[in-house]
Amino acid sequence: MRVLVTGGAGFIGSNLVDRMLLEGHEVVAVDDLSTGSRDNLTQAAEHDAFRLRELDIRDPALIGLAAELQPEVIVHLAAQISVRKSVMDPVHDARINVEGTASVLTAAREGSTRKVVFASSVAVYGRPATIPVPSDAATDPRSPYAASKLSGETYLATFRALYGLEYTTLVLSNVYGPRQSPEGEAGVVAIFTDGLLSGTPTVLYGDGTQTRDYVYVDDVVDGFVKASGQAGNGMRFNLGTGLQTTDRRLHALIADAADAPDKPGFAQPRLGDLPAMAVDPVPAFEGLGWQPRTDLSTGLRATVEWARGRRR
Ligand SMILES: NC(=O)c1ccc[n+]([C@@H]2O[C@H](COP(=O)([O-])OP(=O)(O)OC[C@H]3O[C@@H](n4cnc5c(N)ncnc54)[C@H](O)[C@@H]3O)[C@@H](O)[C@H]2O)c1
């Protein structure tokens with residue numbers, strides 16, 4: 001099938017592009033390269049079945065592109081991904097994440113697309129009452145980023161009701177793996193990996209007991225592939241492991257993989273940081289046939305190896 005991946009030059013997007021090409025699909029990545037890069041697509045660029053269109057998802061040219069390509073599936077990953085930046089500039093966040101999503105859905109309609117698969121975030125759950133958070137838990141967006149992701153989810157339901165455009169929303173926990181950028185602020189794994197490999201100080205905010213649910217990028221990509229089929233129409237699923245890992249343990253595991261001393265510094269907790277997070281992935285087992293398969297130490301070793309290779 002022909003697949004259009006918005007944000008295809010990014011961390012998750014480029015890993016998805018490679019997997020889709022491997023499965024024999026024709027793939028068009030749409031990306032403005034604001035945080036993504038052509039380097040992420042070196043492998044993909046060798047395929048005849050791959051094209052990159054450097055384009056802002058809000059550009060009206062996206063609609064013409066979709067009308068011309070008629071992609072069967074659009075995986076919508078392009079986004080402003082920083083919670084902190086969304087707090088500093090909610091208008092910019094809304095322009096990319098709300099206006100951008102409306103633009104992608106309009107393009108899907110013009111392109112007679114069967115289905116849109118959307119990346120939402122656990123940020124939509126705010127401070128959840130239950131951990132692991134069930135996928136039908138009440139949403140409670142506490143940042144403009146969370147509000148814009150929830151708005152994206154609502155737009156999907158609206159376009160389905162209006163035009164019968166199918167969708168699946170995947171609510172991602174903390175994704176890590178090769179190609180995640182340490183320059184960004186979303187990826188603590190990438191930041192620790194970079195610090196531990198380069199010998200620059202690493203810092204834990206708080207006492208190190210804060211927890212997150214780390215899920216490996218290949219597993220997340222597998223979720224997007226499964227959701228691109230017929231399963232999960234009109235539904236949302238959590239993609240995570242259900243397991244909580246403390247910041248302190250994460251640091252120790254990465255230090256071990258990097259052969260570096262496990263001696264982080266400690267700083268004051270950051271305002272608004274959640275003490276704990278993990279999501280319940282069981283409905284995704286049942287609805288998509290999806291399971292996270294990569295245990296944390298294996299995934300971290302692969303991530304450190306990739307980062308090592310990049311430094312050479
Ligand atoms: N990485 C995570 O842990 C995580 C967790 C929850 C949700 N998500 C979501 O998954 C998606 C992918 O995230 P990622 O971690 O790969 O981030 P990323 O920044 O690596 O990828 C986003 C891509 O979108 C592109 N982009 C941004 N604005 C654009 C625009 N206006 N037009 C065209 N392209 C644009 C960027 O250049 C980049 O290549 C995002 O929607 C993000 O909100 C990620």
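Colleague: Which polar backbone atom is 2.9 Å from an oxygen atom of the ligand?

Modeller: That one belongs to Ile-12. Keep in mind this is a predicted model. Another ligand oxygen contact, at 3.1 Å, goes to a polar backbone atom of Ser-34. There's also a ligand nitrogen 3.1 Å from an N or O atom in the side chain of Asp-56.

Colleague: How much of the ligand does the protein bury?

Modeller: The protein buries 95% of the 820 Å² that the ligand exposes when taken alone.

Colleague: Which residues around the ligand come nearest?

Modeller: Out of 28 around the ligand, those are Asp-31, Thr-35, Leu-77, Tyr-145 and Lys-149. By class, the shell splits into 15 nonpolar, 9 polar and 4 charged residues.

Colleague: And which element gives the most to that shell?

Modeller: β5, with 3 residues. Also supplying at least two each are α1 (11-22), α5 (144-163) and β7 (174-176).

Colleague: Back to Ile-12. What does Ile-12 touch, leaving out residues up to four places away in sequence?

Modeller: Its contacts are Leu-77, Leu-172, Val-175, Val-217, Val-220, Val-221 and Phe-224. In the largest nonpolar core, which has 34 residues, Ile-12 is among those touching the most other members, along with Leu-16, Val-17, Leu-170, Leu-172 and Phe-224. A second, separate core has 21 residues, including Leu-4, Val-30, Ala-108 and Leu-165.

Colleague: New topic: why is helix α7 largely enclosed by the rest of the structure?

Modeller: Because 9 of its 11 residues (217-227) are buried. Among them are Val-217, Val-220, Val-221 and Phe-224, and those four also turn up in the Ile-12 contacts.

Notes
Residues numbered from 1 in each chain as written. Predicted model: local features only at pLDDT ≥ 70, side-chain atom pairs only at ≥ 80, totals over all residues. Heavy atoms only, no water. Buried < 20%, exposed > 50% of the residue type's maximum accessible area, 1.4 Å probe, protein only. Helix = DSSP H or I, 4+ residues; strand = E, 2+ residues; numbered from the N terminus. Core = buried A, V, L, I, M, F, W, Y, C linked by side-chain atoms within 4.5 Å. Contact = heavy atoms within 4.5 Å. Near = heavy atom within 4 Å. Polar contact = N/O pair within 3.5 Å; in protein donor to acceptor, adjacent residues only side chain to side chain. Areas by Shrake-Rupley, 256 points an atom, 1.4 Å probe, with all protein chains shown as cover. Nonpolar A, V, L, I, M, F, W, Y, C, P; charged D, E, K, R; others polar.
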